[in-house]
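Colleague: Before I use this model, I would like to go through some of the labels attached to its residues and hear the reasoning behind each.

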Amino acid sequence: MATTTVKPRTVSEDVALFFESCNLISPIHNNYRKISTKTISSPSSRSVSSSSSDQPIVSEHFDASFVNEEASEVEIPAVLYSVETYMYIGFTREQARILWCLYDTVVDEALDGHFMDYVRWHIERPELPDATTSTDDWDACLRSMGINEKLRTAILLPEFNDIRFTATCKYWVLEAMDICYSALRDMDHRLRIERTRLRQLQKRPEGQKAAGPISESPVLSSTSDKSIVSLPVLDPQSITPLPSDGIASNQPTPLVATTYAIPFDLPYHSMIWRAGDRGRSEAFYNQVTQEIDLSAISTMPGDFSGFQKLAYWTPQKETADRYAQWTKHKVPDSEIVMVQVAIPESLLKGLTVYYLWQDERLLPKDEWKKLVYYGRRGKYLPTELRHIEQRDLLIGHISSGVHRKFEQLTHWNQIKDEDVLSVQIAGENRKAIQWVFNTAKARDGFMEKCRGKIWLHNLGTFKVFPKT
């Protein structure tokens, strides 16, 4: 309920005391703590200019790993449910106070909900206009929602206009705020893991090599599929924190540096990629049990569905990398992760694959335009397109709203050839491609066949500790 006396600390007292003793976190002052970026980020360890199919892939193969800004410390709210948190996730002081008043005092059942429910209610209010195309006033839209200058600036970065126009202004605001809040909510757990690592280092015999920083993680596992390259398996005892330190034994394994042989390419497999925040990426793939939950990263509406939450992937590492770079700017204190999945050929052979290209010249023509028209407008498909709902795997181009406001179109033929996202790959402009596991059969197959074939590359935070 909205009115509550429970005000959980962002960092619990015992954890805060430990890091205060290490001079890595400050006491509470004016409802904030200052925390060293050493505890939330890990700068890239080396520079890698390119990768090829016969080389292992590491986090430094993504340009997003090097999108950062040096900062010794960042400020975080001392209390999770607070007006300061509303400001931290991206609202102006004035708008944050309005939302806090609603959360803290309103007794109307229609507005009585979780802390973040008030954010979604406010952003999604129909009287607040949305922006989607290059002709819309995005800055005015953001200001009308009460978005602070820091988040407005990040969303409006001109170098990411191509990505920005693939969804609406309200979508990007809510995504950034969800990521930012999730990172703050999980801060105590992350610091507990870091506390365990530091304590283990303090107990380590002199001369013994450390296990490495906790901020990067391949998911390394053995597999019975003989077509998979043999990968080294980590000893869980060497990296898993003790449950006695306040971390459940079934939590994801703490992240370790990706210096192991993660394959860039595998025989009889197709690689797909997706950028996201660490919290949702770990909710998608539990590195201990290898269980997969696609719902954790599914969204709607999208190009291929207006009413069903789906997870969108791309076979182009460069396309996912672009999304990751922009995301780091929008949520500077949150760890961004690149998810890499090796899709077995045996899974693909059992699925009906349907291709949806913007420039399709074979019959039936224009299905990509029609599907985008209905999907982006959140509408059910007409009879002529319903056969697509039965197709297991949809592969097609990614739409861009640079020139078109999809929500205001009156006919699918108003979508033109230029309404496709393009990305630089090997020095050439190419159309961006997406994959969607569309049916329950496809999603079940994914969650069964891809266990042990998923890697989480930690791309770090935007704010990083200065290099020495």
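**Labels and their reasons**

Modeller: Let me begin with asparagine 23, which has a relative accessibility of 71% and therefore counts as exposed; please keep in mind that this is a predicted model.

Colleague: Why is asparagine 23 called exposed?

Modeller: The label exposed requires a relative accessible area over 50%, and asparagine 23 stands at 71%, so the label applies. This residue sits in the loop between helix H1 (13-21) and strand S1 (32-36), and its phi is positive, at about 60 degrees, although it is not a glycine.

Colleague: What makes asparagine 30 exposed?

Modeller: Its relative accessible area is 57%, and since the cut-off is over 50%, asparagine 30 is exposed. Asparagine 30 also belongs to the loop between H1 and S1, and its phi, near 55 degrees, is a positive value in a residue other than glycine.

Colleague: Why is cysteine 101 called partly exposed, and why does cysteine 180 count as buried?

Modeller: Buried means under 20% and exposed over 50%, with partly exposed in between; cysteine 101, at 43%, is therefore partly exposed, whereas cysteine 180, at 8%, is buried.

Colleague: How many disulfides does the structure hold?

Modeller: The structure holds zero disulfides, a term that calls for a pair of cysteine sulfur atoms within 2.5 Å.

Colleague: Which peptide bond is cis, with omega near -10 degrees?

Modeller: That is the bond from methionine 300 to proline 301, and proline 301 lies in the loop between helix H11 (278-284) and strand S5 (312-313).

Terms used. Residues are numbered from 1 along each chain as its sequence is written. This is a predicted model: local features need pLDDT of at least 70, side-chain atom pairs count only at pLDDT 80 or more; totals for chains, interfaces and linings use all residues. Side-chain values use heavy atoms; hydrogens and water are left out. Buried means under 20% relative accessible area, exposed over 50%, partly exposed in between (1.4 Å probe, protein chains only). Helices (H or I, at least four residues) and strands (E, at least two) are DSSP runs, numbered from the N terminus.
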